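User: I am new to this structure. Please take one part, the open sheet, and describe it closely, then say briefly what surrounds it in the chain.

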Amino acid sequence: MPELLPGEDPDEVRIRYKPDVIKGDMDSIRPEVKKYYSNLGAEIVDESHDQDTTDLHKCVSFITRNPPGSEKSNLHILVLGALGGRFDHEMGNINVLYRFSNIRIILLSDDCSIFLLPKTHSHEIHIERSIEGPHCGLIPMGAPSASTTTKGLRWNLNNTSMSYGGLISTSNVVEEETIRITSDSDLIWTISLRN
């Protein structure tokens with residue numbers, strides 16, 4: 001967090017954004033970091049016995065069982081640091097989007113955001129031009145799409161089929177404030193972020 005707020009005192013930022021819970025298999029947390037947050041009152045939950053799920057999966061499971069506030073049906077999760085590292089970790093984090101497809105989870109990196117568009121309904125994405133765009137993409141990761149239609153992109157799709165080994169919509173450009181997407185397959189939406 002101090003890197004996101006470079007004009008502020010790093011210690012004050014760490015205290016202000018102290019996690020309530022640190023959960024995972026604890027293989028990558030430095031001992032001094034673990035001790036620091038434990039001393040601040042963060043609960044440390046070691047799940048090193050579970051090697052079948054990722055740390056992100058463990059955290060999302062925890063959040064869905066213990067949602068903040070009382071509005072579980074309107075839960076949205078923003079994940080910082082889920083992209084930009086090892087490719088297998090990134091793919092594991094994208095897999096979490098599919099495993100928890102009933103929850104809006106947004107993966108955020110320094111240069112883009114990613115979230116799942118489930119095939120169960122049509123989607124309207126409202127673009128915040130001051131921080132998003134112009135480049136975007138639609139990727140059929142779980143299964144091929146026989147029919148995807150978009151409105152609001154420079155290169156709209158019209159009942160277009162997409163698949164790995166075939167067409168996928170990369171390096172597209174948002175042209176309108178609202179993007180409309182329907183598809184017969186789950187899609188990953190990604191959009192660039194302005195620095």
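Analyst: The answer starts with the sheet and then turns to the domains and a surface patch. The model is predicted, so local features need pLDDT of at least 70 and side-chain atom pairs count only at pLDDT 80 or more, while totals for chains, interfaces and linings use all residues. Residues are numbered from 1 along each chain as its sequence is written, and side-chain values use heavy atoms, with hydrogens and water left out.

The open sheet has 4 strands in the order E6-E11-E8-E9, paired antiparallel. Strands are DSSP runs of E with at least two residues, and helices are runs of H or I with at least four, numbered from the N terminus; two strands pair if DSSP finds at least two bridges between them. At the edges are strand E6 (123-126) and strand E9 (160-162), each pairing on one side only. On average, neighbouring strands are turned by 35° against each other, direction ignored; the axes are lines fitted to C-alpha atoms, and angles run from 0 to 180 degrees between N-to-C directions.

Strand E8 (residues 145-151) and strand E11 (residues 178-183) are joined by 4 bridges in the antiparallel sense. Thr148 has Ser183 in E11 as its bridge partner.

The protein is divided into domain 1 (1-52), domain 2 (69-109) and domain 3 (111-194), with bounds from an automatic or database domain assignment. The centres of domain 1 and domain 2, taken over C-alpha atoms, are 18 Å apart.

Leu4 lies in the segment before helix H1 (10-16). Leu4 is exposed (over 50% relative accessible area, 1.4 Å probe, protein chains only), at 54%.

Note on methods:
Buried means under 20% relative accessible area, exposed over 50%, partly exposed in between (1.4 Å probe, protein chains only).
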